[in-house]
Every structure is written in C-alpha cells, then in structure tokens.
Amino acid sequence: MTTKAEKHTPLPWVIDSEWAHTITTPGGMTIAKAESNREEWQANAEYIVRACNSYPDLLDACKAVLAFGKGLALTGLGDERAHGPVLLSKLQAVITRAEKG
C-alpha cells in the first residue's frame with residue numbers, strides 16, 4: 001500500500017523462491033537484483049526486503065512514541081502507566097519484524 005507521495009512499487013517485497021538474490025513482488029515482478037559476490041547475494045536481498053517492508057511500521061511506531069513523549073512533557077507522568085506498555089509493545093513488534101522479516 002502506497003500513499004500519493006510514494007513512488008515505489010507497493011509493499012510487501014519478497015525474495016524470489018528460485019533466485020535468492022532477486023527481490024520481487026509476491027506476484028513475481030522483479031524489483032531489484034542484489035548482485036555482489038555470491039556469498040552476499042541472499043543476505044543483501046534479505047536485508048533490503050526486511051528494511052523496506054518494515055519502514056512504514058517503524059515510522060508509525062516512532063511517531064507514536066514521539067507524540068507520547070510530547071504528551072508526557074505537557075501533562076506530567078500520569079499517562080505513562082496507561083499508555084507506555086502499549087507503545088513499548090508496538091515498538092517491540094516492529095523491531096521483531098525488522099529483525100526477522
């Protein structure tokens with residue numbers, strides 16, 4: 001899903017099942033080929049896919065934490081116990097997704 005400002009091919013991107021160095025859409029359209037030395041192909045492709053697919057969620061989580069932090073600065077620590085665990089949980093979920101793909 002893309003917004004008007006985004007010009008890239010819609011996410012998610014995946015690793016081609018036959019060519020481990022090729023990044024595609026789930027439908028098979030080639031996005032890019034991670035070409036370097038043979039040992040790095042798949043690792044580079046996996047890293048690019050994890051980073052690109054995680055970006056929207058990481059950005060949303062960072063914005064939520066920022067807004068929460070601004071709220072704490074304005075209202076004091078009263079809200080921290082109510083909202084903190086939810087935001088930390090959201091951050092943990094997107095970090096896990098970024099690390100595992």
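**Exercise 1. Locate Pro12 relative to strand E1, then describe the peptide bond that leads into Pro12.**

Solution. Start with the position: in this predicted model, Pro12 sits in the segment before strand E1, which covers 14-15. Next, look at the bond from Leu11 to Pro12: this peptide bond is cis, and its omega is near 5 degrees.

**Exercise 2. Find the element that holds Thr24, decide whether Thr24 is buried or exposed, and list its contacts.**

Solution. First, find the element: Thr24 belongs to strand E2, residues 22-24. Second, check the relative accessible area of Thr24, which is 3%. Buried means under 20%, so Thr24 counts as buried. Third, leave out residues up to four places away in sequence; Thr24 then touches Trp13, Val14, Asp16, Met29, Thr30 and Ile31.

**Exercise 3. Do the same for Ser54: element, burial and contacts.**

Solution. Begin with helix H1, residues 41-75, where Ser54 is found. The relative accessibility of Ser54 is 2%, so this residue is buried. To finish, set aside residues up to four places away in sequence, and the contacts of Ser54 are Arg97 and Ala98.

**Exercise 4. Classify Cys52 and Cys62 by accessibility, and state how many disulfides the structure holds.**

Solution. Partly exposed covers the range between the buried limit of 20% and the exposed limit of 50%. Cys52 has 25% relative accessibility, so Cys52 is partly exposed. Cys62 has a relative accessible area of 48%, so Cys62 is partly exposed as well. Now for the bonds: a disulfide covalently joins the sulfur atoms of two cysteines. The structure holds zero disulfides.

Terms used
Residues are numbered from 1 along each chain as its sequence is written. This is a predicted model: local features need pLDDT of at least 70, side-chain atom pairs count only at pLDDT 80 or more; totals for chains, interfaces and linings use all residues. Side-chain values use heavy atoms; hydrogens and water are left out. Helices (H or I, at least four residues) and strands (E, at least two) are DSSP runs, numbered from the N terminus. A disulfide is a pair of cysteine sulfur atoms within 2.5 Å. Buried means under 20% relative accessible area, exposed over 50%, partly exposed in between (1.4 Å probe, protein chains only). Contact means heavy atoms within 4.5 Å.
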